[in-house]
Amino acid sequence: MIEVVNVWKSYRSGIRWVEALRGINCRIERGRFAFIVGPSGSGKSTLLYLLGALDQPSNGEILVNGQNLVTMSEAMQNLYRREQVGFIFQSFNLISNLSALENVLVPFLPRGITADQRARAGELLKQVGLEDRLDHHPYQLSGGEQQRVAIARALIKQPLLVLADEPTGELDSKTGDEIYKILRSMQHTYQTTLVIVTHDRRFITPDDLVLEIQDGQVALESGAIADGSSWPNGSKAEGSAGSNGEDSPGRGVSLKAGE
Amino acid sequence: MGVFAWRNLLTRPLRTVLALIGLSVPILGVMGLFSVSNGLRDLVGETLSQIEGVMIIRENVPSPVFSTLPASLADDLRRLPGVRAVAPEVWGIAPNIEGRGMLVRGLLSKKGMGSVFDQPLISGQDIAAHMNLNSAVFPRALKEKGEGRFLTLEDIGKPNIVISRKLARDFADPQGNPRKLGDSLRIADKNYTIVGLYETGSLLLDVVIVMDIETARSVLNFAKDSISSIYVEAKNPGGYDALSATIEKANPGVDARSMNEVKANFGSLMGQVDKLLMMTVSLALIVGIVGIINTMLMSTTERFVEFGVLRTNGWSEANILTLVTLESAFLGLLAGIVGCVLALIGTTIANQFISGGVHLGINPSLLGMGISLSVIMGTLGGLYPAWRAARLVPMEAIRIGSH
Ligand SMILES: Nc1ncnc2c1ncn2[C@@H]1O[C@H](COP(=O)(O)OP(=O)(O)O)[C@@H](O)[C@H]1O
Ligand SMILES: [Mg+2]
């Protein structure tokens, strides 16, 4: 249901152009739990944000559920973001002036919040274990709790797709485990497609789809990799070597020579 | 969204308060200036509306008090066509009353600058001639709101006076009660009997002690064959401007001020004042708008990530624009209210000190103007920062925060 066809994205950095994505192709079926992994600077976040119509590719097509994000009007993009995609960020990104409940309701704030939506927000916060923190503001919540609010915010629109950029990047590993437990159970309950950018392969299970990005391209695609410690050699030899983690100076780093 | 915008202001109280000060001070200034102009307008308008006819005085003097004319001029004027009545007057600043000299009076009155307007004046009237006037101010003021009687032929040469209720209060008897009819008032070293009390309501007129012209000459040491001014009435009300032109032409060195002319002069003076006010207002507006832009730019710049997050949740550019503009309009509203309250307090206090003269007026429409001006300033000043915040590419807005 997500189809990425030969997508390029370049940024201007001073007088030079940085090619963050260089002809990405991939497919993510509806209802999958998908991971995007790869070295730092390889273009993972860029791809994720393009899937959320937060920016436009320089070239190529992105189809989500049959809708072409590239040719979509501004108004349709707003609608798409409000109703079909949920975002979860590494740094939680809650609105500090709003309570947990109001943060969950943020997508609906401009049009006025109905009692129905309010009840659903309360229900979601209960599901992520925050039923007694509805009126707390972000500064009164721990990192893990803030991220749970963010998950509820992503889910309140009953989205087709949830996009998460390093959702456990700022959490300790125990809290990270909890977050993944919630994400998996939520995905099970609501049957949404989840795409998660991470460099922590601990959370990948055999049934997940894994897209290994390097150099702005998909180096390896695998639907059945259970063990994050190493990649099986031979299946897709091209991108397999030395690609396990942020710190390895792979081709993703040499790409950044242009910066 | 309104509540959210409101909260965004309140969570940065220091900045909001500073911005409020920056905005409310120009508003306060505008209100203050307008209240002074309103006050002047009221005062002079009230006075002018009671006087008609033509006042003849020497050229280039500000008022009858500083004018001397030959007494024979009155007879010359009587011969002019179109003239209905001619009433000579002698004017002067009252010497000490009840032992209080000019200087002492100034010091005793706790009203500061008000004492300029408070200075009692003596008006000596040619009683026979004044009885012919249709539009004499003081007799009418006595009949409408006063008591006792106005001067008649039997008061000629007598120490009888008509004073205002205000003077009766200002120069109360030793027990502190206002002077009554039949009481006497000591001017210089002689006693004068109060036969009438008038009340015009105009602070410029309620300082006049009216007496017979001969009596006034002796109080003021005024020469026998000279007078201060002449009050002239025309046969038909429309003829005043023509009449004053004729008088001035026939008598060089004499200034014939028709009340129409005075009104027109005052009107054009106030027009100039208003132009000046508008310039000040525009300056204040610019200062206020720049202040708002500065505050809102600061506030939006540090909230780029927040706007990015709102955009990722489906907020449109218009939603962001509305949010920021609302915040800034609220700021304007608050500043307007603060400015108006300060202006009300300020003019109330100021009026305590200058109650002898101008009464600073802040009316509801001036308040309304101040507040709407402030809201407009807030809205305008918020537009550019709002536009900048709205135009951010959501992805870049978020990257700013996360990298
Ligand atoms: N707005 C931008 N301006 C310039 N360069 C950018 C911008 N966004 C991303 N890049 C560059 O594009 C490349 C890919 O970035 P990103 O997608 O964030 O990588 P990842 O998430 O895999 O670490 C990097 O070299 C990064 O510096
Ligand atoms: Mg990234």
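**Figure 1. B:R179, a buried arginine with a relative accessible area of 9%.** Welcome to the first close-up of this predicted model. The cut-off for a buried residue is under 20% relative accessible area, so B:R179, at 9%, counts as buried. Its partner in this view is B:E98, and the two side chains meet in a salt bridge with an N to O distance of 3.5 Å. B:R179 sits in the loop between α8 (165-170) and β7 (184-187) of chain B, while B:E98 belongs to the loop between β3 (83-93) and α4 (102-108), so the salt bridge ties together parts that are 81 residues apart in sequence. Is B:E98 buried or partly exposed? B:E98 is partly exposed, with a relative accessible area of 27%.

**Figure 2. A salt bridge between B:R165 and B:E147.** Here the side chains of B:R165 and B:E147 come together at 3.0 Å, N to O. The pair links distant parts of the chain, with B:R165 in helix α8 and B:E147 in strand β5 (residues 147-148) of chain B, 18 residues apart. B:R165 has a relative accessibility of 22% and counts as partly exposed. B:E147 is also classed as partly exposed, at 35%.

**Figure 3. A buried pair, B:E306 and B:R303, and a network in chain A.** In the first panel, the side chains of B:E306 and B:R303 form a salt bridge of 3.7 Å, N to O. Are these two residues buried or exposed? Both B:E306 and B:R303 are buried. The second panel turns to chain A, where salt bridges that share partners join A:E3, A:R27 and A:E29 into one network. For a wider picture, a search of the whole structure gives 27 salt bridges over all chains.

**Figure 4. Chain B and its two domains.** Step back for a moment to see the setting of the views that follow. Chain B has 15 helices and 12 strands. The domain assignment divides chain B into domain 1 (2-45 + 266-402) and domain 2 (53-236). How far apart do the C-alpha centres of these domains lie? They are 50 Å apart. The C-alpha atoms of chain B fill a box of roughly 100 × 55 × 30 Å along the principal axes. The radius of gyration of chain B is 31 Å, whereas a compact globule of 403 residues would have one near 22 Å. Of the 403 residues in the chain, 49% count as buried.

**Figure 5. The largest pocket, with about 1200 Å³ of space.** This pocket is lined by 38 residues, and those closest to its centre are B:P62, B:S63, B:P64, B:L204 and B:L205. Which helix gives the most to the lining? It is α11(B), with 5 residues. Elements of chain B that each supply at least two lining residues include α2 (13-48), β1 (54-58), β4 (121-125) and α7 (137-145). Domain 1 and domain 2 of chain B each contribute at least three residues to the lining. By class, the lining of the largest pocket has 29 nonpolar, 7 polar and 2 charged residues.

**Figure 6. The largest cavity, with about 80 Å³ of space.** The whole structure holds 2 cavities of 30 Å³ or more, and this view shows the largest of them. Among its lining residues are B:N8, B:R12, B:T295, B:E327 and B:L331. B:R303, shown in Figure 3 as a partner of B:E306, is also part of this lining. Two or more residues come from each of α1 (2-10), α2, α11 and α13 (317-353) of chain B. The biggest share comes from α11(B), which gives 3 residues. The lining of the largest cavity has 3 nonpolar, 4 polar and 4 charged residues.

**Figure 7. The second largest cavity, of about 30 Å³.** Its lining consists of B:A19, B:G22, B:L23, B:G288, B:G291, B:I292, B:T295 and B:L331. The elements giving two or more of these residues are α2 and α11 of chain B. Once again α11(B) gives the most, here with 4 residues. How many charged residues are in the lining of the second largest cavity? There are no charged residues, and the lining divides into 4 nonpolar and 4 polar. B:T295 and B:L331 may look familiar: they line the largest cavity and the second largest cavity as well.

Terms used: Residues are numbered from 1 along each chain as its sequence is written. Chains are lettered from A and ligands numbered from 1 in the order in which they are written. This is a predicted model: local features need pLDDT of at least 70, side-chain atom pairs count only at pLDDT 80 or more; totals for chains, interfaces and linings use all residues. Side-chain values use heavy atoms; hydrogens and water are left out. A salt bridge is a side-chain nitrogen of Lys or Arg within 4 Å of a carboxyl oxygen of Asp or Glu. Buried means under 20% relative accessible area, exposed over 50%, partly exposed in between (1.4 Å probe, protein chains only). On a 1 Å grid over the protein atoms alone, a cavity is a set of points where a 1.4 Å probe fits but cannot get out, and a pocket is an open set with protein on both sides within 12 Å along at least five of seven lines; lining residues have an atom within 4 Å of a point. Grid points are joined across faces, edges and corners, and a volume is the space filled by probe spheres set on the points. Ala, Val, Leu, Ile, Met, Phe, Trp, Tyr, Cys and Pro count as nonpolar, Asp, Glu, Lys and Arg as charged, and the others, Gly among them, as polar. Domain bounds come from an automatic or database domain assignment. The radius of gyration is taken over C-alpha atoms; the globule rule is 2.2 Å times the number of residues to the power 0.38.
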